[in-house]
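Grab a coffee and work through these short exercises on salt bridges and a pocket. Each has a task, then a solution in steps.

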Amino acid sequence: NEPTTSTEPQNNVIENVEQQNIVEPILNEITNPQNNQTSQEVISSTYYYGQLDDNAKIIYDALKENKENMKTGTYKLDFGTQFNSIINQGEEGKTKLNSAFQSAWNAFTYDYVDIFYIDSSKLVLTTNTTTIGELSINEVVLSKAENASYLTEDVGTSEEVKNRVKYLEDIRTKISAQLNGYTEYEKIKFLHNWMIDKFTYDQSNSNPNAYNVYGAFSTRSVVCEGYSRAFKYILDGLGIESVIVSGTATNSAGVEEPHMWNYVRINEKWYAIDVTWDDPIIADGGTLTEEMRYKYFLKGSNEFLTNHKENGSVTENSTQFIFPVLEKENY
């Protein structure tokens, strides 16, 4: 997830922004707002949901329906006997169910990028089997198992989850309101430029929130996944369809590395945006040129995929996802 640059790292100084004060600076940085009200509905594209099998969709649906309940960190998702037949297939069935869960989780957190507070390694699928003669009845529950909760360690409590979610929603609502009346292109460009100006690539490898949307706005120090999730989070609030895309990218030194970026739908066509690589680390306090700022902005496949390679295998034991087909030419 390292940024691409042909120069040496710069010693960037991250501005010290208190969490509760970040919303107002956002509003102050927006020029010429045309309307302070918005009727736009927050969307969350279910692009990846459509690629799941029936078992994975059952799990995804439960995650979505209980999104609020799961902020407690202890809520159990009870699937009853919905997976009885697959579990009765023995080890093969258990493997299928585990794959269904992993695929559902990957799709859910790619579609809903604001799930920053759950540690998936603490979520456990438990099967309770009742045998009556030759008949086995299997009931499945997704829960915290032996963990105190499945919340991430830095969040800790359900109250803190709610505070952080509210903090993000306030930012998204106010940005959406201030940009109401702008064209889709203007909204996308504004957000792209604002993130480049205000976010910094995290080189410390010590920030647990550098990969998620909360860390992006609360510290403004992120890696490629944080850039991508934050970008999609605000675009959802602007009513603009987008997805996060995983794969590898070859940097200016010729090194291929894991990477994440976005595809955005504008005028019914898909284009690529890599906010991370449009925000390179400049050596010796150099200036970010206009050419560098828009090098990976609304690009078509002919140019973008020369050094970006899609990989729909988000994790092992999961669905191989297919990404939107880009227009060949740049926007």
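Glutamate 92 is exposed at 51% relative accessible area, where exposed means over 50%, buried under 20% and partly exposed in between (1.4 Å probe, protein chains only). Before going on: this is a predicted model, where local features need pLDDT of at least 70, side-chain atom pairs count only at pLDDT 80 or more, and totals for chains, interfaces and linings use all residues. Residues are numbered from 1 along each chain as its sequence is written, and side-chain values use heavy atoms, leaving out hydrogens and water.

**Exercise 1.** Work out which salt bridge joins glutamate 92 and lysine 96, and how they are placed in helix H4.

Step 1: the two side chains meet in a salt bridge at 3.6 Å, N to O; the term means a side-chain nitrogen of Lys or Arg within 4 Å of a carboxyl oxygen of Asp or Glu.
Step 2: the two residues sit four apart in helix H4, so about one helical turn separates them. Helices (H or I, at least four residues) and strands (E, at least two) are DSSP runs, numbered from the N terminus.
Step 3: lysine 96 is partly exposed, at 38% relative accessibility.

**Exercise 2.** Find the elements that hold glutamate 256 and lysine 309.

Step 1: their side chains form a salt bridge (3.3 Å, N to O).
Step 2: glutamate 256 belongs to strand E7 and lysine 309 to strand E9 (residues 308-310), so the pair ties together parts 53 residues apart in sequence.
Step 3: glutamate 256 is partly exposed at 45%, and lysine 309 is partly exposed at 48%.

**Exercise 3.** Describe the largest pocket and the salt bridge between glutamate 225 and arginine 229.

Step 1: the pocket's volume is about 680 Å³. On a 1 Å grid over the protein atoms alone, a pocket is an open set of points where a 1.4 Å probe fits, with protein on both sides within 12 Å along at least five of seven lines; lining residues have an atom within 4 Å of a point. The volume is the space filled by probe spheres set on the points.
Step 2: 30 residues line the pocket, and Thr109, Tyr110, Tyr211, Glu225 and Arg229 lie nearest its centre.
Step 3: H4 gives the largest share of the lining, four residues.
Step 4: glutamate 225 and arginine 229 form a salt bridge, with closest N and O atoms 3.0 Å apart. Both lie in helix H8, four residues apart, about one turn. Arginine 229 is buried, at 9% relative accessibility.
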